[in-house]
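Student: Could we go through a structure together and ask, for each label, what earns it?

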Amino acid sequence: MKIVMLEPLGVKEEVVMAEAKKFIDAGHEFVFCGEKLTEEAKIERAKDADVFIIANSKLSAEVINAAEHLQMISVGFTGVDHVDMEACAAKGVRVCNSQGYATNATGELAVTMMLACLRNIVPYNQVVRDGGTLAGFTHNTLHGKTVGIVGTGAIGRKVASLCKAFGCRLLGYDVAESQEAKDLGVEYVGIDDIFKQSDIITLHAPLLESTKHIANRERIYSMKKTAILVNCARGPLVDSQALADALNEGVIAKAGVDVFEMEPPIPADHPLLNAKNCIVTPHVGFYSEESLAERVGIVCNNISAWMEGNPINIKL
């Protein structure tokens, strides 16, 4: 079989090739990719592939359909909303994701966002450089706060465990309640109650039609004036204009945003780039040396398991 990478996995070539050696030794062809490709280059590279390896860049129907022999896609990412799943289904292509590789990294970033907002880390950095003091800022601890977790999968539960260590009250919302989350002390309530009762809301739901703009204008405007909204999941979970308006109007206190409707670079006129009290990062929740190395192993294990007839991490 021919296994083709269509985008980099964020690690050095030798790390990827060390994992790919088992395929090469078994007589398969493995094509490494170390740079981002244009759509045209992806189509050309895809033509005779049996297996794709991708990360989080869009995979269109045009690229999928260009691969006449395509049988399997190993996605080096947790979500698969960037993959044209209809095109995959029409061709009978198996799609597997990299469940779990970013759990620790994303969970830690979400809590970092909370702490940065509560302790004014970003503005204080500039204040000190400008010769200022702590005067004029509110000062709050994470301890004792009510944290509302929207989406109690692996990452949501990681956040719950970290926040529990800080002495937080934990509220949760999910379509399916998790006993593991309950064991961590998560109390399940309705989605509207999450927004009304929480001091901090952190989003960890997948992007589906049912979750798009789950943080809509009405819910954002129902939040406490002192509340913080953190999004390290998917940009479209939040109505960005509504969040920006709420921040600029003082309806809520602060926000930490790692994800947008598009991948960085983010347009300069995006409302959240021009909102008050909003910390933004360039989609780095999943990104750490440790998590990316783990991701390569999961991507290749997905392919091995599929070849052996026992696919894992199945999304389609």
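Tutor: Happily; what follows takes the labels one by one and sets each value against its cut-off. Keep in mind that this is a predicted model.

Student: Let's begin with helix H11. Why is helix H11 said to be largely enclosed by the rest of the structure?

Tutor: Buried means under 20% relative accessible area. Seven of the nine residues in H11, which spans 240–248, are buried, so the helix is largely enclosed. Those buried residues are Ser240, Ala242, Leu243, Ala244, Asp245, Ala246 and Leu247.

Student: Which elements do the buried residues of H11 pack against?

Tutor: They pack against helix H10 (217–220) and the strands S10 (228–231), S11 (254–257) and S12 (278–280).

Student: What makes the start of H11 a place with a polar contact?

Tutor: A side-chain oxygen of aspartate 239 comes to within 3.2 Å of the backbone nitrogen of glutamine 241. The limit for such a pair of N or O atoms is 3.5 Å, so this one qualifies. Just after the helix, glycine 250 has a positive phi of about 75°.

Student: Staying with strand S11, how do you know that valine 257 is buried?

Tutor: Valine 257, in strand S11, has a relative accessible area of 3%. The cut-off is under 20%, so valine 257 is buried. Leaving aside residues up to four places away in sequence, valine 257 touches Met113, Asn231, Leu243, Leu272, Cys278, Ile279, Val280 and Thr281. One of these, Leu243, is also among the buried residues of H11.

Student: How far is valine 257 from glutamate 68?

Tutor: Their C-alpha atoms are 40 Å apart in space, with their positions 189 residues apart in sequence.

Student: And threonine 202: what makes it count as buried?

Tutor: Its relative accessibility is 0%, and buried means under 20%, so threonine 202 passes. Threonine 202 lies in strand S9, residues 200–203. Beyond its sequence neighbours up to four places away, threonine 202 touches Ala110, Met114, Val147, Gly148, Ile149, Val150, Val159 and Val230.

Student: Why is aspartate 193 called partly exposed?

Tutor: Partly exposed is the range between the 20% and 50% cut-offs. Aspartate 193 has 35% relative accessibility, so that is the label it gets. Aspartate 193 sits in helix H9, residues 191–197.

Student: Now the aromatic residues. Why is the pair of phenylalanine 77 and phenylalanine 286 called edge-to-face?

Tutor: The structure holds three aromatic pairs. In this one the ring centres are 5.5 Å apart and the planes stand at 75°. Rings pair within 6.5 Å, and planes over 60 degrees apart count as edge-to-face, so both tests are met.

Student: Where in the chain do phenylalanine 77 and phenylalanine 286 sit?

Tutor: Phenylalanine 77 is in the loop between strand S4 (72–75) and helix H4 (85–91), while phenylalanine 286 is in the loop between S12 and helix H12 (289–307). The pair links distant parts of the chain, 209 residues apart. Ring pairs also join Phe77, Phe286 and Tyr287 into a cluster.

Student: Are phenylalanine 77 and phenylalanine 286 buried or exposed?

Tutor: Phenylalanine 77 has a relative accessible area of 6%, and phenylalanine 286 has 10% relative accessibility. With the cut-off at under 20%, both are therefore buried.

Student: What makes the backbone at histidine 213 and asparagine 277 worth a look?

Tutor: Most residues other than glycine have a negative phi. Histidine 213 has a positive phi of about 55° although it is not a glycine, and asparagine 277 likewise has a positive phi of about 55°. Histidine 213 is in the loop between S9 and H10, and asparagine 277 is in the loop between S11 and S12.

Student: How do you know that asparagine 277 is partly exposed?

Tutor: Its relative accessible area is 46%, which lies between 20% and 50%, so asparagine 277 is partly exposed.

Student: Which peptide bond is cis?

Tutor: The one joining proline 264 and proline 265, where omega is about 10°. Proline 265 is in the loop between S11 and S12.

Technical notes. Residues are numbered from 1 along each chain as its sequence is written. This is a predicted model: local features need pLDDT of at least 70, side-chain atom pairs count only at pLDDT 80 or more; totals for chains, interfaces and linings use all residues. Side-chain values use heavy atoms; hydrogens and water are left out. Buried means under 20% relative accessible area, exposed over 50%, partly exposed in between (1.4 Å probe, protein chains only). Helices (H or I, at least four residues) and strands (E, at least two) are DSSP runs, numbered from the N terminus. Contact means heavy atoms within 4.5 Å. A polar contact is a pair of N or O atoms within 3.5 Å; within protein, one must be able to donate a hydrogen and the other to accept it, and residues adjacent in sequence count only if both atoms are side-chain atoms. Rings of Phe, Tyr and Trp (its six-membered ring) pair if their centres lie within 6.5 Å; planes under 30 degrees apart count as stacked, over 60 as edge-to-face and the rest as tilted.
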